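The exercises below concern the surroundings of a bound ligand. Please work through each task with the structure open before reading its solution.

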Amino acid sequence: MSTLLTELQILAIQLRILPTQINIMADKFSQAILDGLEKKRSPLKMLPSYLSTPSRKEVGTFLALDFGGTNVRVLLTQLLGQGHYRVHSRVASPLHDIDNHYNYITDQSTADQLFDFIALKIGTIVKPDTRYLLGHTFSFPTHQTSLNTGTLIHWTKEIETTGMEGKDITQLLTAALSRNGLTNVLPQAIINDTVGTLLTAAYMNQSTRIGSICGTGHNTAYLEPSSPLTKAPMIINLESGNFDQLPFTSYDIQLDANSETPGAQPLEKMVSGHYIGELVRLIACNLFDAGLLATSSGRNILTTPYLLNGAHISLLQEDDTGELVIINHWLEDSLHITNSSIEDRNVLKTIATLICTRSARLVAATYLGIIKHIDPHLEHSHNIAIDGSLYEKMPGYAQDIQLTLDQALADTAAIATTTLTKDGSGVGAAIATAIAVNTKS
Ligand code: BGC
């Protein structure tokens, strides 16, 4: 019979991403970029943004709408040029609120209901007699034919609102603004959050060429030096969460099979905040079933899918009290798992660490793939702008990404650094709007 220790050792091997695998993955990722650019079959959607990096002279006050899937935020943002900005007012609301009895992200909600809710939020921040130009950060795979048109290809992050896939999001928003008497609010641009992060970082530091989100979802955008559409530089949204040449474990396969979208977003399902808690839960259930965890009250409770979220995984890793008392309190108070043994708490912590380290290393491999594409001789410095809860808050996550990049580039002249870029969605939408206005005039 296998012991707990043996099982954990096997798990560590299954979840380990070796340096050679990092390089192989990066090469496959670079190839997928090339294939996508050449319109060959590729897991990367390579979606054009119709934007290059900003001149840094963009100024003006714009409304930014940020729809990421968990919350909706509206910000009145003033761009001051050369990387400076001021947020004058903001409102934020969850899209699912049990206490207030609404949920706009299930299949019980329609696009019109969702956009009416969003228009209501916009209405709380705008004055009736003022004209507002609006930039929309919409953090889902969107096919754009111009800066201000975007068709949702498919939902990700388990969102299911009906009547949106295949529809032009700007038209849905404009119609809702009009239904709600907000014809003074004029949408000018729609961008992905990775594009917003890259725009914001490049507004401050012109040399930034890569923007990424490591949060509830995962994705990266980069500045393609020669876009197939214009033969000029253009930011491309990779939709890298759909990358699929990866070392899957049985847990990844199980998670995917039970998800809303089997087969879609394989990388995102291995790395992002929406899924890492579920992976930890599946592994813990497996150990329970093998009789290797002792806390009897835990097994039944852990049967609930998506019981664990990214914040719980953070908590598991943060607890450095000898007896893991913080984890114990959380298990008791939030999950009603009583009398957990220290050994079991340690196992949960170990699983969380293994999953997070794997996530950071897989993400770093994709960054390396982009760097190899834009700098084939690996001789330049690259700054990767990143936003999202995993990168910002998950203990050890940012360091693991940096370490992986440092190791992979050690024998080359290239250097890769990563920097936290906050407010990318809001400020990026304002920058995109300023660019839209400048292009028109
Ligand atoms: C979406 C991307 C988005 C990422 C981060 C993914 O689920 O497909 O468009 O950039 O989440 O929000």
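**Exercise 1.** How many Å separate an oxygen atom of the ligand from an N or O atom in the side chain of Glu-239?

Solution. Bear in mind that the model is a predicted one. Begin with Glu-239, where an N or O atom of the side chain is 2.5 Å from an oxygen atom of the ligand. Taken alone, the ligand exposes 310 Å², and 98% of that area is buried by the protein. Continue with the side chain of Asn-192, which places an N or O atom 2.8 Å from a ligand oxygen, and then with Lys-157, whose side chain likewise has an N or O atom 2.8 Å from an oxygen atom of the ligand.

**Exercise 2.** Describe the shell around the ligand, by residue and by class.

Solution. The ligand is surrounded by 15 residues, of which Thr-156, Asn-192, Asp-193, Glu-239 and Glu-268 come nearest. Sorted by class, the shell comprises 3 nonpolar, 8 polar and 4 charged residues. At least two shell residues come from helix H5 (193-204), and at least two from strand S12 (218-224).

**Exercise 3.** Why does the ligand lie between domain 1 and domain 2?

Solution. First locate the ligand, which sits in the second largest cavity. Then consider the domains: because domain 1 (3-38 + 210-420) and domain 2 (59-204 + 424-436) both give residues to the shell, the ligand lies between them.

Conventions. Residues numbered from 1 in each chain as written. Predicted model: local features only at pLDDT ≥ 70, side-chain atom pairs only at ≥ 80, totals over all residues. Heavy atoms only, no water. Near = heavy atom within 4 Å. Polar contact = N/O pair within 3.5 Å; in protein donor to acceptor, adjacent residues only side chain to side chain. Areas by Shrake-Rupley, 256 points an atom, 1.4 Å probe, with all protein chains shown as cover. 1 Å grid on protein atoms, 1.4 Å probe; cavity = no way out; pocket = protein on both sides within 12 Å on 5 of 7 lines; lining within 4 Å. Sits in = over half its atoms within 2 Å of the grid points. Helix = DSSP H or I, 4+ residues; strand = E, 2+ residues; numbered from the N terminus. Nonpolar A, V, L, I, M, F, W, Y, C, P; charged D, E, K, R; others polar. Domains from an automatic or database assignment.
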